[in-house]
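Thanks for sharing this one. Here are some notes to read alongside the model, in numbered points.

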Amino acid sequence: MNSRPAVVRRGSSLVAGLGLSERMFASASDRRLAKVVDEGLDRVEAGLATEVHFADPIADVSTRYLLEAGGKRVRPMLTLLAAQLGDGVTDDVVTAAQAIEVTHLASLYHDDVMDDADRRRGVPSAQTVWGNTVAILTGDLLFARANQLMSRLGERAIRLQSDTFERLVLGQLHETLGPQPGEDPVAHYVQVLADKTGSLIAAAAQSGVLFSNADAVDPAYERAMLEFGERVGIAFQLVDDVIDLSAKPGETGKVPGTDLRAGVVTLPLLKLRERAAAGDADAADLLGRLERYVIRTAREQLVDALDTNTAAIALAPDPAMVDALVGELREHSVTAETLAEARTWSRDAVAALAPLPAGSVKKALTAFAESIVERNN
C-alpha cells in the first residue's frame, strides 16, 4: 500500500495564500507585487521538491510526505514580501525561503509526535503511518537539510538558523514542562507561543530583509520585520485556540475541542483557571466539569480503566455531554477575551511596521495581520 498522499499543489495566489481580498490588490503596483511574489513562490515550490529529496528510498518517502500534502507556504510568502524592501526575489532570498519552509516542515513531524496528533494537512500524521521513531528521525533529517540550505548563505544565515532552532526547541521544552512554581501561567504560555510559532515567522520575515540587502536601505527594516513576525505568530496561535472550540467542524476540519480533549493547554482554559482561582464560582464549576469529563478523559480515563474494554466503556462520558461542555467554554467570556488578546497582538504587529515606507508591501503585511484574526480555519 502506498503511504504517500496525493499531491496537493500550493495555491499560486498571494491574495489567496494570505487570506486577503482581491480588493486589497486593486492598484497596478499592488498587482505587480502579487505577480512578483507569486513567481517567486513558484521558484520556492520547485526547489522544495528537490531539497527534500533523499537518495535513501525510505527517507525520501517520509521526508516528502507532508510537503506533498500541501500547505499555504505563508512563511516563504513573508520572506518574499519582505524582500521587496530591498533587491527583490534574488537567488539568496529563494534559498532562505526554502530553508525556512523546510524548517517548518521538520517541526511539524516533531510536533505531531509530541501532541499525539492523528492527522496533519488532511492526511494521517507521519507517526500514524510509520510510528514515532521514524517521524522523529524524519524531522531530524529535514532540520539537517534546512541547515545545509542556510549554510549556503554564509555565517549570518547560519547564526539566524541556529538561534531560531534554539527557540523552537526551548518553546517545546517549556510547553512540555509547563510553568514552574511562581511563574505566571499566562505569561509562560505566551512565551511558548512566541518561541514555537513566532520565532520561525519572525525568521522568515527577517530573512527577506537580510538576503535582499534591505537592511542596507534602512537598518530599521530588520527589527521591524522581526517584531512583526513574532507578534503575528502569537496572534495566529491565539486565534487557533478559539478555532479549536468552533462549533463548525466543516470549516475548521477539527472536532470541536480537539486540543482540549487531548489535554493541550490553551488560553481560554488558562483564563478559566485564573477566574476559578480568584473565587469565581461559575468558572470553578465549569473548570471542574471540563477536567472531569473532557480533559481528564483524554489523558487519564483509559489508565483508570485498568486496561479492560468493559471498564473503559463504562467510564467513558456521554459524547453529547462532552460536546455541551466544549460549547460552554466556547460561549464563556474567557474565549471572547482570548480573541481580543489575539487582536491586540495583531494591532501590535501592524504598529511594528511603522519604519516601513508606505506602499504595496506595507499594505499587504498590514492586511495579513488584520486578516488572521478573522479566519475560521
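1. The chain holds 19 helices and two strands; here helices (H or I, at least four residues) and strands (E, at least two) are DSSP runs, numbered from the N terminus. Please keep in mind that this is a predicted model, in which local features need pLDDT of at least 70 and side-chain atom pairs count only at pLDDT 80 or more, while totals for chains, interfaces and linings use all residues. Residues are numbered from 1 along each chain as its sequence is written, and side-chain values use heavy atoms, with hydrogens and water left out.

2. On confidence: pLDDT is the predictor's confidence in each residue, from 0 to 100. Its mean for the chain is 85, and 85% of the residues reach 70 or more. Helix H18 (residues 333-352) has the highest confidence, at 97, and helix H16 (residues 309-315) the lowest, at a mean of 48. Over residues 310-314 the pLDDT is below 50, and this stretch has three contacts in the model beyond near neighbours in sequence; contact means heavy atoms within 4.5 Å.

3. Of the 377 residues in the chain, 48% are buried, where buried means under 20% relative accessible area, exposed over 50%, and partly exposed in between (1.4 Å probe, protein chains only). Taking contacts between residues at least 6 apart in sequence, 75% join residues at least 24 apart.

4. Helix H7 (residues 132-151) is a nice one to look at. Its 20 residues should span 28 Å at 1.5 Å a residue, and its end C-alpha atoms are 29 Å apart, which agrees; the expected span is 1.5 Å times one less than the number of residues. Its buried residues include Ala135, Leu142, Phe143, Arg145 and Met150. The buried residues of H7 cover an arc of only 165 degrees around the axis, which puts them on the same side of the helix; the arc is that of the directions from the helix axis to the C-beta atoms. Among the helices they pack against are H2 (28-51), H8 (155-177) and H9 (185-210).

5. What does H9 look like in its surroundings? Since 23 of its 26 residues are buried, H9 is largely enclosed by the rest of the structure. H9 also has a kink of about 45 degrees, centred on Gly198; the bend at a residue is the angle between axes fitted to the seven residues ending there and the seven starting there.

6. Gly198 turns up again in the contacts of Gly229, together with Ile201 and Ala202, once neighbours within four places in sequence are left aside. Gly229 lies in helix H11 (residues 220-243) and counts as buried because its relative accessibility is 0%. The C-alpha atoms of Gly229 and Val350 are separated by 9.9 Å, although the two residues are 121 residues apart along the chain.
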